[in-house]
Amino acid sequence: MGKIEDLEAINGAGYQLTTLDKAVGLARANSMWPLPFATSCCGIEFMATMGSNYDLSRFGMERMSFSPRQADLLIVAGTISKKLGPVLKQVYEQMSEPKWVLSVGACASSGGIFDTYSVLQGIDRVIPVDVYVPGCPPRPEQIIDGVMKIHELVKTESLRRRYNDEYKNLMKTYNIELKNDE
Ligand code: SF4
């Protein structure tokens, strides 16, 4: 878990200098509001991750958001049918920037064992994914590891990344309109 001492900073008697990017990144990473988009067995694994044994709230994440507008981490856990693809994309679009996506398990990441006409062969066909967690199902430790990797991204991401051309082009490839575009 991130602490103020983790910041790359210049320390002196009674003061600490760092960049705004790093300070905001640390605050964001330790107060994420996840939106669980759970459809099947991997969702149960995620519930175990929220339970007292693994306790995701240790990382400032006890507040699940079931409203996309009040969430910044979309956790997709389970099999996503092609019919559900547009719904998932709509939920992603309703989330405000900045936002991140964690794909939990083989089904969400690649369709898993369901190489069939009705199953989406990976959620990255409809929305961009930041971190993939392998496994069928992944254990809670793996899900926590995925969350930690998201936290690293959040801590090191520039505040301006969402306005750069690379990000804009990524959104264009998914035909997603940036709401806070300048
Ligand atoms: S990856 Fe395995 S455990 Fe997870 S939803 Fe698919 S079939 Fe179920």
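Helices and strands are DSSP runs numbered from the N terminus, a helix having at least four residues. The legends below use these names for a predicted model.

**View 1. Residues surrounding the ligand in the predicted model.** The shell around the ligand consists of Ser40, Cys41, Cys42, Gly78, Thr79, Gly105, Ala106, Cys107, Gly112, Cys136 and Pro137. At least two of these residues are supplied by helix H2 (41–50), and at least two by helix H4 (105–110). Which helix gives the largest share of the shell? That share, three residues, comes from H4. By character, the shell divides into six nonpolar and five polar residues, with no charged residue.

**View 2. The open sheet of four strands.** The strands follow the order E3-E4-E5-E6, and their pairing is parallel. Strand E3 (34–38) and strand E6 (131–133) form the edges, each pairing on one side only. From one strand to the next, the twist averages 15 degrees. In general, the strands of a sheet pair through backbone hydrogen bonds, in either a parallel or an antiparallel manner.

**View 3. Pairing of strands E5 and E6.** Strand E5 (residues 100–104) pairs with E6 in the parallel sense over three bridges. Leu102 has Val131, in E6, as its bridge partner.

**View 4. Helix H2 against the sheet strands.** H2 lies across E3, strand E4 (73–77) and E5. Relative to E4, H2 runs at about 125 degrees.

**View 5. Helix H6 and the residue Asn175.** Why does helix H6 (residues 165–173) lie largely in the open? Of its nine residues, the number buried is zero, so H6 lies largely in the open. Asn175 follows H6 and has a positive phi, near 60 degrees.

Notes:
Residues numbered from 1 in each chain as written. Predicted model: local features only at pLDDT ≥ 70, side-chain atom pairs only at ≥ 80, totals over all residues. Near = placed C-beta within 6 Å. Nonpolar A, V, L, I, M, F, W, Y, C, P; charged D, E, K, R; others polar. Buried ≥ 20, exposed ≤ 12 C-beta atoms within 10 Å, placed from the backbone. Pairing = 2+ DSSP bridges. Axes fitted to C-alpha atoms, helices over the stretch in contact; angles between N-to-C directions. Contact = placed C-beta atoms within 7 Å.
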